[in-house]
Structures are given as structure tokens and as C-alpha cells.
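Please open the model in a viewer and keep the sequence panel visible beside it. The tour below proceeds by selections, each followed by an account of what is found there.

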Amino acid sequence: MTPSPQPPIEHTEPHGHNGHAHAGPGPSDGHPGGHSDRPSDSHFDGGSRGASDGGSDGHPPGPTHGHGHSHGHGPAAPVSKHLRKVIAAVLIPFAVAVFVGMVVLWPGGAPGHERTGVGFDRQTQQGVVVSIEQVDCKSVNAAQVPTTGTPAAPGSSGGQAAPSGECKKATVEVTSGPDKGRTFVEVVQPGAPRQLEDGQEVVVAYAPDAPRDLQYSVIDVNRKLPMALLAGIFAVAVVVVGRMRGLFALVALVVSFGVLTLFILPAILQGSNPLVVAVVGASAIMLIALYMCHGLTARTSVAVLGTLVSLLLIGLLGSGFIDWAFLSGNTDDNTGLIHGLYPDIDMSGLLLAGVIIGSLGVLDDVTVTQTSAVWELHHADPSMGPRALYRAAIRIGRDHIASVVNTLVLAYAGAALPLLLLFSIANSSMGSVANSELVAEEIVRTLVGSIGLVASVPVTTVLAALVVSADRPGSPAGAPAAGPVRGRGRRRKR
């Protein structure tokens, strides 16, 4: 088991780094294994192990340093052709099944319906405030003239105003649709949370069945310009920092929204099972986004497999606990409106679909990070076996789990903050709040997604460690691969 002295391998010298010639014997001084706990030494792990194999046994460090240095730098060797075939045998049928599922379930557009005029199901046009006039609230008939559409406070009516207050009488011009150029009057009360300004662009609702003077009303302001500017800043920042990888990430983001809006949402509205649609759509988004952002490599394929296993676990847990907790998915005005317009939609299935899609984005981050960690650890020390790789990478994964789960919980809590504040005002106990269906949905969503995230770390780490360690391809010259083989033999001897 003790290796014989190796002469310097001349053909590896052009690949070395001149500034590293003095670093070879360093790690072996007093450390037979050639390992260092310092992050700055990780770059030398592959080469220093080769050097220590010679130096620690009494052989001169110079020649063995040349051999160890030959495989300590450059990109990690790809997995063998046999292993790539095994990965392809798993992923290609899965990709074909996803494609067939999208073809079978493709909706061809959302079904039409007659607008109810309730909530978001209203005809809307664009408008602009052309003039503002300050008037006494007593001089306007607030019960007849439309206000800004903001619900009145409890215990008051929309037409009541402070007797001595001043209201704004806004003249709004419709700038789109068949009534372009038509004007109407909007009264803004002093206590309204949304105040109108001269020249402000607004969104107006059209009610064709109402009296002519009440057909149009302001329901929101136009925020397209600041949102478009913010999106542009985001895109520029991603491309400047990420360069081509960032550009591909933006393209993948557009494709993901395309799958969501062109396939998932219309297919659910057409009556397809929301869970099946979500699984097929999320799988398509996963395949497109991961391979587009990270390349068609074995490393990405392992991340895809880890994400797929975690999504299946989330689907099973979500389905079981949503049924067990009797969560209907119909808890607010929006879901009630959806159920009223499309009564055939399975609302509990829609809730489960939301859990799966919502967890996908964070899963991608975890699985790609863990796979990259395993690959980089193996590149730093090619002699590490799958068990050592798993132990090293899982320590990284534990830190990732803690931060990601906390992020997910806080994200859901932040979205439900007004609701939680309402429960706090009502002095409801924590048990009563958690038992209410509206909060129970978020709890189940958060916990099921978090369990999937936690499980994705060991699953992906195991897959990556097995793939990167097994069946490594040999070098054409044969010599660079000899170092890692001897390292594994010495590790087994210990």
C-alpha cells in the first residue's frame, strides 16, 4: 500500500501555476493527510494530498509535488459516459412525460364568461385626472356621486363626511376604450386613504348597467411606470453582476411566467385537476429554469433529481394534511369569487397546487447549492469518497436549512401580517388564531414546504456524493488519475 517514488511528470508542468511552486510541501509538514482546515487551503487540497503521500513516507517532496500538482487545479473531471447514460435514462423519460402532459392538458386559452362586476371581475379602462376642485363636503351629494371606491369605515356609510370638511371634486377623463374622451366626476373625501392629484393617471371601472352618471368610477392609480422602472433596474443589476448567467436567469424567469400564465392558470380554469396541472407545470418550469441557468450537465441533472424527489414529498404531505385538516381553500372574497364563477374547480386542489408551485423556487436554490457544494468539495479533494463528501456537504446544508426555513416562515408571516394584526386587535388566543381556516392554510403551506426543503438537503447531497464519486473517467495519459486512486486506497486502509 505504500506508493513507490514517482519521478516528476513533465507534461503536467504547463498546467501549473508559477506562484504555487512553494506551497506543495507546506500542508504535509506535520500533517500526513495533507488536509487543512483553513478555507484558503482548499485550493491546494487535491495537490497537497499527492505531495503528502510521498513526503510523509520519507520520500523527497519535490518529485511528488509535481505529481500532486498535476491534478489539483482546473475544472473537476466530468462523470463517466456510463454514469451520464444512467442519469439520462432517468431524466429523459421524465422530460418526455412532462412534455406529453403539457400537450394533453394544454388549455388553448382561458374560457370566457360574462363579467359580474364584482371585485377583479370588472371592466376596466385607463383614465387621467384633468382637474381638481376643493369643495365643501356638504355641497356635494356623497350618496349619489361616486367616491374613490375605498370601503367606508365600520359603522359609517360611504356618503357620510365630516360636516365642516373639504372634499376634492376631481374631473377624470377616460383615455382608453370605446368611451375615450368621456369625463366624469369623482369625489374624494378627506379621510380617504387614496387621494387624487391633478394629472394623475388612474384605473377606472366601467359598469354598463348603472345610470350614465355612475357608470365610471376610480378604483386604483396607474403604477405601470414605477413598476416598469423597478423591473428594468432589477434586470440590469442581474445582468451586470451575473453576466451571461444572469441573462439566462432572466430568460428562464420569463419562460416560467409564460408556463404559469399560458398553461397552469388556463388549464385549471378549463377544469383540469389542479394538482396534476401544478405537478406538470412545475416540472416544466424546473427543467427549463435549471438547465437554462446552470447548463446541461450531470451536476444540474442531480439537482433536478433532488428537486423532483422533494416535490413528490411535498405533494404527498400536502395532499394528506389538507384533507385531514378539512381545508377547503375557499377562505376569502377572491377564492369565493373564483368558486362562484367556476364551481367545478377543486379549491382544495388549487390550494395544494399553490403549495407545490410556491415551494419550487426555494427548492431550486437549495438543491443547486448542495450539488455545487459536493462538486466543489470533490474538486478540492478528489480522494474523498461518497461518505466523506456527504459529511462535509451536509454541514453546509445544515446552515442552509436554518436560513431558508426561517426565510420561508417570515415570508408567509409578512404576507399575512394585516390578518395577524386583526387577530391581535380582537384579543384572540394563539390557539384560536391557528385553528381558523385562513391561518391554518398558511401554517400547513409553510410547514409542508419547509419539510420538503429540509428533506431536499440530505436527498440531494446523497445523490450528488454518489454520482460525483462513482465511476470516474480515466485520463488519456493515465497519470493524473493515479493520485486520487492512491488517496482513496490510503483512506480505506485507515
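Begin by selecting Cys-293, which counts as buried because its relative accessibility is 14%; buried means under 20% relative accessible area, exposed over 50%, and partly exposed in between, with a 1.4 Å probe and protein chains only. The model is a predicted one, in which local features need pLDDT of at least 70 and side-chain atom pairs count only at pLDDT 80 or more, while totals for chains, interfaces and linings use all residues. Residues are numbered from 1 along each chain as its sequence is written, and side-chain values use heavy atoms, with hydrogens and water left out.

**The disulfide**

Next, select Cys-137 and Cys-167. These two residues form a disulfide, with their sulfur atoms 2.0 Å apart; the criterion is a pair of cysteine sulfur atoms within 2.5 Å. The pair links distant parts of the chain, 30 residues apart: Cys-137 lies in the loop between β1 (123-136) and β2 (166-174), and Cys-167 lies in strand β2. Strands (E, at least two residues) and helices (H or I, at least four) are DSSP runs, numbered from the N terminus. The torsion about the S-S bond of Cys-137 and Cys-167 is about 105 degrees, so the disulfide is right-handed. Cys-137 is buried, at 7% relative accessibility, and Cys-167 is buried as well, at 2%. A search of the whole structure finds 1 disulfide.

**Helix α3 and a surface patch**

Move to helix α3 (residues 81-105), where Val-103 is located. Is Val-103 buried or exposed? Val-103 is exposed, with a relative accessible area of 52%. Now add Ile-92, Val-96, Phe-99, Val-100 and Val-104 to the selection: with Val-103 they form a nonpolar patch on the surface, with about 600 Å² of accessible area together. Patches are made of residues with over 30% relative accessible area and no salt bridge, like charges being joined within 9 Å and nonpolar side chains (Val, Leu, Ile, Met, Phe, Trp, Tyr) within 5 Å. A salt bridge is a side-chain nitrogen of Lys or Arg within 4 Å of a carboxyl oxygen of Asp or Glu. Accessible areas come from the Shrake-Rupley method with a 1.4 Å probe; for residues, only the protein chains shown count as cover.

**Helix α6**

Select residues 298-324, the 27 residues of helix α6, whose end C-alpha atoms are 39 Å apart, in agreement with the expected span of 39 Å at 1.5 Å a residue. Just after α6, Phe-326 takes a positive phi of about 55 degrees.

**The whole chain**

Finally, display the entire chain, which has 13 helices and 5 strands. Buried residues make up 39% of its 494 residues.

Notes. Expected span 1.5 Å × (residues − 1).
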